[in-house]
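Student: Hi! I have a new model open and would like to talk through how it is put together. Could you walk me through it?

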Amino acid sequence: MGAGSSRAEPVIADVSEHFIGITADFTGAKILFFGSVGGPGKLVVVVSGPAHDISIGNKVQRAGIWMNSDSVTFKNAPSFYRVLSSEPLDEWLPLSVREANQIGVEYLDLQPTEDIGSAKEADYRAALIRNMQNKDHYGKAEGRLKILGGRLFRTDVFLPSNVPTGDYSIKTYLIRDGRIADMEVTPLNINKTGIGAEIYRVAHQHGALYGVAAIIIAVLAGLGGNAVFRKS
């Protein structure tokens, strides 16, 4: 729970599952996010996946073929990002609060690893957000959070089939009079399980071994296929 949970009017939040296992036949998941508030106010929920350096390339057409030209890397960008709120944010949440807490994709602190100038940075930043939205890793608009009886809240969080793995944080903000009255952080872990997890582990921890094994398997599969065709 967040540090503010001991105050007189805390936010208490939880999820139906704290671990999502991704298997070979994973097609996405839906988890229930719920909780209560101890006093009046509006709610904002920010779901963030693990931060990574993410590169975005610029495609140019040469001799009729689209090719990657230069690219820009943004450091510590969230691999997954969603915002949910009890009411449309543009109607009541001050910009200063959104900027300070990175609420909304337009307020994410996306910093390039090199100084590329403000105009070029803005173009690549927009391209990065657009690319992540196309993959359904960033939300295109905030989702809706239902508050029941003024105290209880709930919503569904949808995870796509290509959801990034790792440790997630779900931050719930209670906003009162345009200021944060309380905040709660709920953890969520998404990771591969089963044979897919072992293959992923070997591929990343023993890259050379995995490459050799993949070549051997491919060769054996080819030899097996040739034998079948010869018999037929």
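Tutor: Happy to! Bear in mind that this is a predicted model. A good place to begin is the largest nonpolar core, which has 25 residues; Val44, Leu93, Ile103 and Tyr138 touch the most other members.

Student: Nice. Which elements each supply at least two residues of this core?

Tutor: They are β4 (42-48), β5 (51-62), β6 (65-78), β7, α2 and β12 (166-176). The largest share, five residues, comes from α2.

Student: And what does Leu93 touch, leaving out residues up to four places away in sequence?

Tutor: Leu93 touches Val44, Arg98, Ile103 and Ile175. There is also a second, separate core of 24 residues, and Val45, Phe153, Val157 and Leu188 are included in it.

Student: Back to α2 for a moment. How many residues does α2 have, and what does it reach from first C-alpha to last?

Tutor: α2 has 17 residues and reaches 24 Å, close to the 24 Å expected at 1.5 Å a residue. Its buried residues are Tyr124, Arg125, Ala127, Leu128, Ile129, Met132 and Gln133.

Student: Which residue takes a positive phi just after α2?

Tutor: That is Asp136, with a phi of about 65°.

Student: Switching to rings: how many aromatic pairs does a search of the whole structure find?

Tutor: The search finds three aromatic pairs. In one of them, the ring centres of Tyr81 and Tyr138 are 6.0 Å apart with the planes at 65°, so the pair is edge-to-face. Tyr81 belongs to strand β7 (residues 81-85) and Tyr138 to the loop between α2 (118-134) and β9 (143-144), so this pair ties together parts that are 57 residues apart in sequence.

Student: Are Tyr81 and Tyr138 buried or exposed?

Tutor: Both Tyr81 and Tyr138 are buried.

Student: What sits over the ring of Trp92?

Tutor: The charged end of Lys42 does, 5.5 Å from the ring centre.

Student: OK, on to the strands. In what order do the six strands of the open sheet come?

Tutor: The order is β2-β13-β12-β4-β7-β9, with mixed pairing. β2 and β9 are the edge strands, each pairing on one side only.

Student: How many bridges join β2 to β13?

Tutor: Four bridges join them, and the two strands run parallel. Gly21, for example, has Asn191 in β13 as its bridge partner, and Ile20 stands opposite Ile190.

Student: Where do the side chains of β2 point?

Tutor: They alternate along the strand (residues 19-22): Ile20 and Ile22 point to one face and are buried, while Phe19 and Gly21 point to the other and are not buried. That pattern is what a regular strand shows, with side chains alternating between the two faces of the sheet.

Student: I also spotted Pro187. Where is its place?

Tutor: Pro187 is in strand β13. Its C-alpha atom is separated by 6.3 Å from that of Ile170, 17 residues apart along the chain. Not counting residues up to four places away in sequence, Pro187 touches Val15, His18 and Tyr168.

Student: Last one, zooming out: how many helices and strands does the protein chain have?

Tutor: It has four helices and 13 strands. Of its 232 residues, 35% count as buried. Among contacts between residues at least 6 apart in sequence, 70% join residues at least 24 apart.

Notes
Residues are numbered from 1 along each chain as its sequence is written. This is a predicted model: local features need pLDDT of at least 70, side-chain atom pairs count only at pLDDT 80 or more; totals for chains, interfaces and linings use all residues. Side-chain values use heavy atoms; hydrogens and water are left out. Rings of Phe, Tyr and Trp (its six-membered ring) pair if their centres lie within 6.5 Å; planes under 30 degrees apart count as stacked, over 60 as edge-to-face and the rest as tilted. Buried means under 20% relative accessible area, exposed over 50%, partly exposed in between (1.4 Å probe, protein chains only). A charge sits over a ring if NZ of Lys or CZ of Arg is within 6 Å of the ring centre and within 35 degrees of the ring normal. A nonpolar core is a set of buried Ala, Val, Leu, Ile, Met, Phe, Trp, Tyr and Cys residues joined through side-chain atoms within 4.5 Å. Contact means heavy atoms within 4.5 Å. The expected span of a helix is 1.5 Å times one less than its number of residues. Two strands pair if DSSP finds at least two bridges between them.
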